[in-house]
Amino acid sequence: MFKFKEGINFNVASSIIGNHFPEVSDKLLNFLQLSSQTDQSELLIASIEQKGNALQPIPFSNAVDFSKNKKYLPFAIIPVVLLILFFISGNSGIISNSFNRVVHYQTEYLPPAPFQFKVLNVLEVEQGSDYVLQVAITGEVFPENVKIVIDNEEYFLEAVQPNLFQYRFSNVISDTEFNLFSNEVVSHNYILKVIDVPTISNFIMTLQFPNYLNRNNEIVEGNGNAIVPEGTVVKWNVAAQATDAITFVTDNQKVDFDKMDNAFNFSKAIRSDLKYEIITSNALIKEHERLGYSITTIKDQFPTITAQFVPDSLQSNKNVIVGQVADDYGLSKLRVVYYAKETPENLFFYNLSVKKSTVDQFIYTFPNGIRLKDGVLYEYYFEVFDNDVVNSYKSSKSSIFKHYVLTDAEVKEKNLTQQHENINSLEKSIQSQDKQLEELDKLQKVNKEKSSLDFKDQKKIDSFLKQQKQQDEMMKEFSKKLSENLEEFNPNIENKDKEELQRRLEELQKDTEKNEKLLKELEELSKKLEKDQLFEKADKLKQSAKSQKMNLEQLVELTKRFYLEQKAEQLADKMEDLGKRQEDLPDNSEKNTSENQEKLNKEFDALQDELKELDKENDALKAPLDIPNDELEQKDIDKEMDKAKEELDKKNQKNATPKQKSAGKKMQEMSKKMDASLAAGSMEQMEEDAKALRQILDNLLTFSFNEERLMLTTKDAKTRSLQMNKVLKDQQNLKVQFKHVDDSLFAVALRNPMISEIVLNEVGEIHYNLDKSLETLADNNIFKGTSHQQYTLSSANKLADFLSNVANQMQMQMQGAGSGKSGKGSGKGMQLPDIIKKQEALNDKMKNGMKPGEQPGMKPGSKPGESQQQGSAGKPGSSDEDGSGGDGEAGKVLDILKEQKKLREALEKELQKQGMNGLGQNAMNQMKAIEKQLINKGFKNETLSKMLNLKHELLKLDKAIQQQGQDSKRKSNSNTKDFEGNSTTLSPALKEYLQSIEILNRQSLPLQPNYNHKVQQYFKTND
């Protein structure tokens, strides 16, 4: 470096190179010598270039001659063997340590220790996990304990074995540096490296319920368990750190969450119970965390439905069905499904209204709203649907009901049968009423015999009152049934007899209600043991019961007559229809068979049986109807029909035809005879009744004159005189005389509905006052006896006036009667303009009735006793205390009352037909008020004022209907038959029953889903 010694020059070096490489020889030396010449000629330069080109690169390895070194090869085996021995003996460190120390000169090396620390496991741990460090001791000695230094803190390791120690790192979050030492032996520094693990930082589950549940979405945070309704869509939103993938795992599938940055999303519709796991992974750790959850599904239950007929105790005349429907989430539709039993595959549907709530109740009378075919047996059931859109609206069905649609003839037959049954029930009720009157007579006898009542007497009275209450209830029930039955009989045909019977039955029910009040008063007096007041009320009850009994007997007899007339008409119609079918059968050769003829023969046999039964019932009447029943003609028809069948059995239609035609004509002639006989019999009966009524009027007037004379004699008589004995005898004779009048009048009343309850009530008043006059005069109480004679006279005059009006009406009916069947009317009713005109005429009639000459008391002496009438107290209702009831006026009041009621009924029918019930309610109320006013006060200015106001109200109603486009002037009645689907109002008894039904309210309670699920399970196990 410092050139203390001079080296060889280029020439010497080139000579050495030439000696080693024969290819070079002296070429390199010559090149150097030429290059050192100072005179550089072109020739010299060319020679130098030539020499340079000749010197090509020569491999340096050619200078080494290995063959000369082969003799030294055996000496190289000695170090190789030594190295192998060191490695085999485990002392390789003698060589490697020295080498390492040379290479890693910056590393601190400690002097060799008697033992060393050896970490047995890999220094890596998952973040947040515990790590157990295991250290083994190697060397010549083993220390008793080992310490670890972490962040300058010393901790002892746990000795597992003499040469094995361990230490637990808890919840390692980041890399941790440590070293080990024991007995001044210190290990080098170690680093426990932390591996990042997939970590869920936020877990949200969104529950989207089906729309039909009307529930808001719910969010569940930090929990993957839930109880959800079927069809709920669950959305999982997971935020995670150090996570590459999250997998949704069920029993049969694995699906990865959608990833966006550190957010993972997944959604699934839940239809059944689901157990699932959520697994997190990253590049270093696969399936690190498995979170197991479950979702319980609440199945949408099938709706429930129960339907049943209302109890028989409600006495509903229709098959009213009451049902309950319920569902766990809500109802959507309710319908009735019906079909003819013969064709169950042809289903028909009719929707019913139902609430969209979880529970509802329905009431339905089949076939309301549905038009069915007559004579067909139908089956029907109810079907309810829930609001479960997920499962396409599940449904449940009720039990099956049956309904047979009666033909018109069958409906008439059924109504007539029910009428017959109701009449029999009323007859039994009359018999019971007779027994009650006998019991009342016994009680009155006790009253006369004892001055005070004891405990036994009170018990007898209580027993009588209890039985009378039951009797009144029975009469009320039977009369109501009969009234309803009459209303249903031919509802589209007006019949005056039927309307009068219905009115009388309504009045009978009102009288029964009055008796109920009287019985309550008697019951209270019985408890107080007030003897005089008790038997005074008992007298009134007896009088009312007797009048009621007479009314009831008349009603029963009249209803029987009506029943028999309608039955006869029905049989006549059947006979006519059968005759036509018999006559037409031969005209159709295909249908003219022995089988069809046999059916007609059986129908005729059935008709004969019905005619025989009709004869028996007619004979049971007190005044039988004239119903022809020619048995010989029936036998002829029977023979011809049998012979026709025999000919048809022989396939001889030609010989059978004349007999069939003849039998058909004879049956039609029989029908016409029955119709004609009924019509003629009705007119004959009317004439006979009118004649009898005139005779009764004569006898009644004679009785009235005699009663007036006796009353004047009684006033002049002295107590306890012989004259009083004659008065009592004459009064007893007049009582017998009136009994004959009563019997004759009642005989007419039993066959003529024109003898109304007003007449019978007046008869009862006369009997009551006759008995009271005898009783009081026998006690020498002349003043009170005369008072009762005055009441008797007043009632007799009223009765005579009523009967006179009835006789005039009979005469008018006979004069204006035309041909046709008795009792049959037309179905055409009055329209509103007609009602207004008739109301005007009735108002004029009312004005005429209020002329001074016709005022009560303005014509003294017009009838015997009127000039002598006194307003004696002590008998309410028997005298004209309010000045409204003159003797000649009552009949006119009754006529106006009847006409007013007919107008009200006509208006009600017209409003129902027009669908304007609500609009005309005011006019209806005014008409009812006028009727009540006429009954209570008769001809009064107040009554006339109300009638004029009514006319104004009717005109307003007509105008209102026209404004709504419902002008009813002269509208045609193309169809007067009521539609089968018209709904009927609920009876009070049925309303009360419905209110008493306890419906289990299964509406959704504000419970947590798991508790709600338990509630549903409870209902399921207890249903």
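Which residues make the nonpolar surface patch of about 550 Å²? In this predicted model, the patch is formed by I77, I78, V81, L82, L85 and F86. Of these residues, I78 belongs to helix α4, which covers residues 77-88. The relative accessible area of I78 is 54%, and the residue therefore counts as exposed, the cut-off being over 50%.

The chain as a whole contains 21 helices and 28 strands. It has 1023 residues, of which 41% count as buried. The exposed area of the chain is about 58,300 Å², and carbon and sulfur atoms supply 51% of that area. Where contacts between residues at least 6 apart in sequence are considered, 71% join residues at least 24 apart.

The largest nonpolar core has 38 residues; L693, L700, F738, L745, I755, L799 and L803 touch the most other members. Two or more residues each are given to this core by α12 (653-716), α13 (722-749), α14 (757-778) and α15 (782-816). The largest share, 10 residues, is that of α15. Beyond its neighbours within four places in sequence, L803 contacts L693, I696, L697, L700, L745, I755 and V759. Another core, of 27 residues, lies apart from this one and has A226, V238, F266 and L291 among its members.

Two of the contributing helices were compared with the span expected at 1.5 Å a residue. For α13, with 28 residues, the expected span is 40 Å, and the end C-alpha atoms are 40 Å apart, in agreement. The buried residues of α13 include F738 and L745, as well as the polar or charged positions Q731 and D742. Helix α14 has 22 residues and reaches 31 Å from its first C-alpha to its last, close to the expected 32 Å. It is mostly covered, with 17 of its 22 residues buried. After α14 comes N780, whose phi is positive, near 60°.

G224 is located in the loop between β12 (218-221) and β13 (226-229). Its relative accessible area is 0%, so G224 is buried. When neighbours within four places in sequence are left aside, the contacts of G224 are F203, M205, Y276, Y293, S294 and I295. G292 is 68 residues from G224 along the chain, yet the two C-alpha atoms are separated by 8.2 Å.

Side chains of opposite charge can pair when their charged atoms come close. The count of salt bridges comes to 25. One of them joins the side chains of D130 and R168, with an N to O distance of 4.0 Å. D130 is in the loop between β2 (124-126) and β3 (131-139) and R168 is in strand β7 (residues 164-169), so this bridge ties together parts 38 residues apart in sequence. D130 counts as partly exposed, at 44% relative accessibility.

A further salt bridge is found between K394 and D300, at 3.0 Å from N to O. This pair links distant parts of the chain, 94 residues apart: K394 is in the loop between β26 (377-386) and β27 (395-397), and D300 is in the loop between β20 (289-298) and β21 (304-309). Both partners are buried, with relative accessible areas of 9% for K394 and 5% for D300. K394 also forms a salt bridge with D388, where the closest N and O atoms are 2.7 Å apart. D388 is buried as well, at a relative accessible area of 0%. Elsewhere, K254, E277, E287 and R290 are joined into one network by salt bridges that share partners.

Conventions: Residues are numbered from 1 along each chain as its sequence is written. This is a predicted model: local features need pLDDT of at least 70, side-chain atom pairs count only at pLDDT 80 or more; totals for chains, interfaces and linings use all residues. Side-chain values use heavy atoms; hydrogens and water are left out. A nonpolar core is a set of buried Ala, Val, Leu, Ile, Met, Phe, Trp, Tyr and Cys residues joined through side-chain atoms within 4.5 Å. Buried means under 20% relative accessible area, exposed over 50%, partly exposed in between (1.4 Å probe, protein chains only). Helices (H or I, at least four residues) and strands (E, at least two) are DSSP runs, numbered from the N terminus. Contact means heavy atoms within 4.5 Å. Patches are made of residues with over 30% relative accessible area and no salt bridge: like charges are joined within 9 Å, nonpolar side chains (Val, Leu, Ile, Met, Phe, Trp, Tyr) within 5 Å. Accessible areas come from the Shrake-Rupley method with a 1.4 Å probe; for residues, only the protein chains shown count as cover. The expected span of a helix is 1.5 Å times one less than its number of residues.
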